[in-house]
Amino acid sequence: MVPTPAESEAHQKLLDQLDIAQLPRPFKNPNWKPSQRRNKNVKQLLSESSRKEASSMATQANSGVTTPFPPVSTDGTETPAEGDTRTAGSNIAQAAQNLSTMVLEKNAQATLPTGPAVTYTNIEAAPSLHPSQQKRYCDITGLPAAYTDPKTRLRYHDKEVFQVVRSLPQGAAESYLEARGAHVVLK
């Protein structure tokens, strides 16, 4: 059955009407707007966090010292519980904060009687003595040592230094260990 020209024209109109490839599709949604939030780089994040830490340290150090207390009635007609409940609650909260600050300072002084307080940002803190933080150096050359001789317990850098370690006279290894402070004296 061969379609008539009128049928094929109607069929073509229907195809054009249903064809989704001909519809305009913009790449972006016309209602889309860029976000007003700005991404920060690492430098800005670090400076902001150090600023926050400095302000928190300042408020912690000055908590209650510079804050004025509300006027207290001295004629005996009013107690803080009968007065403004807002100021009474803030005084209690302020006193609790002062007390907790004093307790923290007292505990810190008891644990470290001398020297500066060790904090994350304090440059005067002592170096770490944890074994994972200490580098090991070759006893012969002074270069970073990745290996330890099980026989003499000397640290060495590479195989050439290992040959030197094995060719040392009998008492020399002990003197190297003594210089490092790792010698064992049996009594």
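Q: How much area does the chain expose, and which atoms supply 59% of it?
A: Accessible areas here come from the Shrake-Rupley method with a 1.4 Å probe, and for residues only the protein chains shown count as cover. The chain exposes about 16,700 Å², with 59% supplied by carbon and sulfur atoms. Keep in mind that this is a predicted model: local features need pLDDT of at least 70, side-chain atom pairs count only at pLDDT 80 or more, and totals for chains, interfaces and linings use all residues. Residues are numbered from 1 along each chain as its sequence is written, and side-chain values use heavy atoms, with hydrogens and water left out.

Q: What share of the 187 residues counts as buried?
A: Buried means under 20% relative accessible area, exposed means over 50%, and partly exposed is in between (1.4 Å probe, protein chains only). For this chain, 10% of the 187 residues count as buried.

Q: In what order do the elements run from the N terminus?
A: Helices (H or I, at least four residues) and strands (E, at least two) are DSSP runs, numbered from the N terminus. You get 5 helices and 2 strands, in the order α-α-α-β-β-α-α.

Q: How do I read a pair of aromatic rings?
A: You describe it by the distance of the centres and the angle of the planes. Rings of Phe, Tyr and Trp (its six-membered ring) pair if their centres lie within 6.5 Å; planes under 30 degrees apart are stacked, over 60 edge-to-face, and the rest tilted. There are 2 aromatic pairs here. Y147 and Y156 are stacked, at 5.5 Å centre to centre with 25° between the planes. Y156 and F162 have centres 4.9 Å apart and planes at 40°, so that pair is tilted. Together, Y147, Y156 and F162 form one aromatic cluster.

Q: Which of these rings is buried, and which are partly exposed?
A: Y156 counts as buried at 12% relative accessibility, whereas Y147 is partly exposed at 43% and F162 is partly exposed at 24%.

Q: Where does D139 lie, and what does its side chain reach?
A: D139 lies in the loop between α3 (85-111) and β1 (147-148), and counts as buried at 16% relative accessibility. A polar contact is a pair of N or O atoms within 3.5 Å; within protein, one must be able to donate a hydrogen and the other to accept it, and residues adjacent in sequence count only if both atoms are side-chain atoms. The D139 side chain reaches the backbone nitrogen of R155 at 2.9 Å, and a 2.8 Å polar contact joins the side chains of D139 and R180.
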